[in-house]
Amino acid sequence: GLTFPISDLSAFTCQFPFTTKQEIIDDQAVHPPYGTNLTFPPSAYSRCHQTSGTSGQPICWLDTAASWKAMLHSWETIYTAAGVTACDNIFFAFSFGPFLGFWTAFEAASGMGCLCFPGGGLSSAGRLRAIATHRITVICCTPTYAIRLGSEAARKDDVDISSVQTIIVAGEPGGNIEETVHQIESLWNGARVVDHHGMTEVGPVSYTTTDTPSVLHIIESTFIAEIIDPKTHQPVAPGDEGELVLTTLERTGSPLLRYRTGDLVRGATSAVVPAALSPYCLDGGILGRIDDMVLIRGVNIYPTAIEKIIRKVASISEYQVMLTNKRNMTEMEVRIELDPSCAFPEVVVQDLIDQFKSDFALRIPVTVAEAGSLPRYDMKARRWIRK
């Protein structure tokens with residue numbers, strides 16, 4: 001048990017080391033399939049999920065009934081902040097596979113009395129028909145899929161999506177990128193976008209509010225939060241960027257102490273959020289992943305910075321970033337797919353090149369891909385390709 005007051009963070013950080021994702025992977029490799037980070041015998045667990053594996057080996061994760069219930073309560077907190085009530089009809093536009101995704105969101109909404117529609121196994125056209133038929137008011141999906149589904153709805157005259165009032169996005173950056181949010185809102189007739197982030201390893205973590213749409217609020221009752229310098233491991237000051245570290249307080253079946261999430265964040269100052277509790281209010285949401293940063297000719301570039309520029313251009317329907325190594329240096333090329341209505345693709349290309357040069361002091365080549373040639377995604381997008 002903890003031998004100090006939970007408010008005494010310095011005593012806690014002195015007694016306990018960090019936990020890393022690689023340690024969990026190594027533990028599960030030596031003790032397959034679930035590792036040794038279990039409070040109870042395997043027979044006491046009732047749920048099993050795994051990470052998506054987008055950044056390496058998938059991690060399996062077990063939950064007891066009590067741990068699962070704690071995560072449902074966290075989602076109730078998120079729904080309440082988003083203004084969701086039992087009167088809402090919620091559509092879940094994702095495949096119900098082993099990835100934790102919106103599983104807890106679905107069960108929490110059902111427990112609140114909402115009408116829940118699972119959209120797994122349906123095509124985008126089928127999902128749009130279901131949204132119109134059931135007068136869906138809330139959609140849960142990734143930012144990428146919100147854009148894809150909204151774009152398809154814009155091309156159809158026989159689909160009415162006007163009932164949708166709120167879109168809760170998660171799974172990837174986008175919900176905290178102003179340009180991406182504006183694109184989603186315009187495609188969905190002004191529906192409000194609520195950002196959320198979570199991890200299979202720790203569960204639902206944060207949400208935005210109407211008052212502070214650019215700030216993610218960590219659920220304080222569920223986590224001890226820290227923001228550290230990833231190199232020195234020391235706490236950073238409010239307003240400075242660092243790595244988010246989380247300790248779970250309620251997921252007792254598979255607890256984590258001081259888990260280094262790999263998420264790059266910035267604690268809000270009181271100028272951004274009055275009376276802000278810095279580690280629990282993340283200004284700008286998830287800024288990127290520590291391991292997603294690439295060095296291009298001496299310049300640090302995060303995927304969110306590229307998306308921020310691209311989403312300003314409404315005529316770009318999809319994009320892909322190609323990374324290649326030349327003479328021991330990483331080079332970047334951006335491929336874009338344009339809406340058929342775009343009359344001057346060469347102007348869009350040159351504008352992007354100019355904007356990249358302005359923001360990064362780099363000339364990044366931009367090419368136009370053939371219509372329909374770039375991948376589309378229902379869940380996490382994999383737009384950055386390293387050759």
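Let me start with the open sheet of four strands, whose order is 10-11-12-14 and whose pairing is antiparallel; please keep in mind throughout that this is a predicted model. The edges of this sheet are formed by strand 10, residues 223-228, and strand 14, residues 288-289, each of which pairs on one side only. For anyone new to sheets, strands pair through backbone hydrogen bonds, and they may do so either parallel or antiparallel.

Between strand 12 and strand 14, which run antiparallel, there are two bridges, and on this stretch D263 stands opposite R289 in strand 14. These two residues also meet through their side chains, since D263 forms a salt bridge with R289 in which the closest N and O atoms are 3.0 Å apart. D263 lies in strand 12 and R289 in strand 14, so this pair ties together parts of the chain that are 26 residues apart in sequence. Are the two partners buried or partly exposed? D263 has 6% relative accessibility and therefore counts as buried, whereas R289, at 22%, counts as partly exposed.

Staying with strand 12, we come to a second pair, in which the side chains of E241 and R266 meet in a salt bridge of 3.5 Å, N to O. Here E241 sits in strand 11, residues 241-248, and R266 in strand 12, so that the pair links distant parts of the chain, 25 residues apart. E241 counts as partly exposed because its relative accessibility is 44%, and R266 counts as partly exposed at 21%.

A further salt bridge joins R376 to E337, with the closest N and O atoms 2.8 Å apart. R376 lies in the loop between strand 19 (366-368) and strand 20 (384-386), while E337 belongs to strand 18, residues 329-338, so the pair ties together parts that are 39 residues apart in sequence. R376, at 33% relative accessibility, counts as partly exposed, but E337 is buried, with a relative accessible area of 3%. Coming back to E241 and R266, I should add that salt bridges with shared partners join E241, R266 and D283 into one network. For the model as a whole, the count comes to 14 salt bridges.

Let me now turn from contacts to empty space. How many cavities of 30 Å³ or more are there? The count comes to two. The largest cavity has a volume of about 50 Å³, and the residues lining this cavity include A70, M71, S74, F223 and R251. Helix 3, residues 65-81, gives the largest share of that lining, namely three residues, and by class the lining holds five nonpolar, three polar and two charged residues.

The second largest cavity, with a volume of about 40 Å³, is lined by Q28, Y34, N37, L38, C60, W61, L62 and S254. Strand 2, residues 60-63, supplies the largest share here, three residues, and this lining has five nonpolar residues, three polar ones and no charged ones.

Finally, I would like to show the second largest pocket, which has a volume of about 630 Å³. It is lined by 31 residues, and those that lie nearest its centre are N176, I177, E178, G284 and K308. Several elements each supply at least two residues of this lining, among them helix 7 (178-187), helix 8 (303-310) and strand 12 (259-266), the strand we met in the sheet. The lining divides into 11 nonpolar, 10 polar and 10 charged residues.

Key. Residues are numbered from 1 along each chain as its sequence is written. This is a predicted model: local features need pLDDT of at least 70, side-chain atom pairs count only at pLDDT 80 or more; totals for chains, interfaces and linings use all residues. Side-chain values use heavy atoms; hydrogens and water are left out. On a 1 Å grid over the protein atoms alone, a cavity is a set of points where a 1.4 Å probe fits but cannot get out, and a pocket is an open set with protein on both sides within 12 Å along at least five of seven lines; lining residues have an atom within 4 Å of a point. Grid points are joined across faces, edges and corners, and a volume is the space filled by probe spheres set on the points. Ala, Val, Leu, Ile, Met, Phe, Trp, Tyr, Cys and Pro count as nonpolar, Asp, Glu, Lys and Arg as charged, and the others, Gly among them, as polar. Two strands pair if DSSP finds at least two bridges between them. A salt bridge is a side-chain nitrogen of Lys or Arg within 4 Å of a carboxyl oxygen of Asp or Glu. Buried means under 20% relative accessible area, exposed over 50%, partly exposed in between (1.4 Å probe, protein chains only).
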